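Subject: Model for you to look at

Hello,

Here is the structure I promised to pass on. Please open it next to this email. My notes follow below.

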Amino acid sequence: MNSAEQNFKDLGLNLPPAPKPLGVYKPCLIDGKYLYLSGHGTVQDDGSLIIGRIGDTISMEDGKLAARQVGLAMLATIKANLGSLDRVKRVIKVLGMVNCTPDFERHPYIINGASELFAKVWGEENGVGVRSAVGMGSLPDNIPVEIEALFELV
C-alpha cells in the first residue's frame with residue numbers, strides 16, 4: 001500500500017498555497033492524536049478564490065471541482081503544519097457547506113469533490129469518514145464551498 005504522499009503525487013495535482021486566516025482563528029489545531037482543520041475555502045494555485053453560487057453562476061460539475069479545490073487547500077494546510085500527509089492516519093469527520101440557490105438539493109454530490117480526493121490520498125478505508133453536506137444562503141467572499149474536518153494522527 002502506498003503512502004498518502006505517494007498517492008497524492010500519483011494524482012498529478014498541485015497544492016495551492018496554504019491559506020492564511022482572514023479572521024481571529026487558527027487554521028488547524030492539534031489536540032493529542034487529533035487534527036482539527038478550520039473551514040477552508042476555494043483557494044486556487046495562484047492564491048485567488050473561486051467565487052460564485054451553485055445553481056446560479058456555478059454549475060453542479062464546477063461546484064464539485066470547487067469542493068476538490070477546497071480539499072487541496074486543506075491538504076496544503078496539513079503539509080504546511082505537519083510536514084507530511086503521512087502524519088494523518090484517517091479522516092474522521094467532514095462538514096461541507098455549499099453556497100447555493102434555495103432550490104438546490106444535491107449538496108452531497110458537491111462535497112464528494114473533496115471526499116473523493118481524501119479517499120484517493122488515504123485510501124477508501126482511512127480516507128472516508130463521517131460527513132455532513134449542507135446548503136447555505138451565503139459563504140464568506142461568496143465562495144461556493146467551505147469545508148472543515150477532523151483527522152486522526154498517526
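How many bridges join strand β3 to β4, and do they run parallel or antiparallel? There are 7 bridges, and the two strands run parallel. Strand β3 covers residues 88-99. One pair to look up is Val-94 and Arg-131, the latter being the bridge partner in β4. Please keep in mind that this is a predicted model.

The sheet

The sheet is open and has 5 strands. Their order is β1-β2-β5-β3-β4, with mixed pairing. The edges are β1 and β4 (130-136). Each has a single partner strand, so one side of each is left without a neighbour in the sheet. On average, neighbouring strands are turned by 15° against each other, direction ignored.

The hairpin

At one end of that order, β1 (residues 28-31) meets β2 (residues 34-40). These two run antiparallel and are joined by 4 bridges. Asp-31 stands opposite Tyr-34 in β2. The hairpin has 2 residues between its strands. Within this hairpin, Gly-32 takes a positive phi near 65°.

The helices

Helix α2 takes in residues 60-82, which makes 23 residues. From first C-alpha to last, α2 reaches 33 Å, close to the 33 Å expected at 1.5 Å a residue. Just after α2 comes Gly-83, with a positive phi of about 90°.

Which strands does α2 lie across? They are β1, β2, β3 and β5 (145-153). The helix runs at about 40° to β5. Helix α3 (residues 107-127) also packs on the sheet. It touches β3, β4 and β5. The direction of α3 makes about 175° with that of β3.

A loop residue

Ile-58 lies in the loop between β2 and α2. Is this residue buried or exposed? Its relative accessibility is 9%, and the cut-off for buried is under 20%, so Ile-58 counts as buried. Leaving aside neighbours within four places in sequence, Ile-58 is in contact with Ile-50, Ile-51, Gly-52, Arg-53, Gly-63 and Pro-144. Asn-99 is 41 residues away from Ile-58 along the chain. The C-alpha atoms of these two are separated by 10.0 Å.

Over to you.

Best wishes

Notes: Residues are numbered from 1 along each chain as its sequence is written. This is a predicted model: local features need pLDDT of at least 70, side-chain atom pairs count only at pLDDT 80 or more; totals for chains, interfaces and linings use all residues. Side-chain values use heavy atoms; hydrogens and water are left out. Two strands pair if DSSP finds at least two bridges between them. The expected span of a helix is 1.5 Å times one less than its number of residues. Axes are lines fitted to C-alpha atoms, for helices over the stretch in contact, and angles run from 0 to 180 degrees between N-to-C directions. Contact means heavy atoms within 4.5 Å. Buried means under 20% relative accessible area, exposed over 50%, partly exposed in between (1.4 Å probe, protein chains only).
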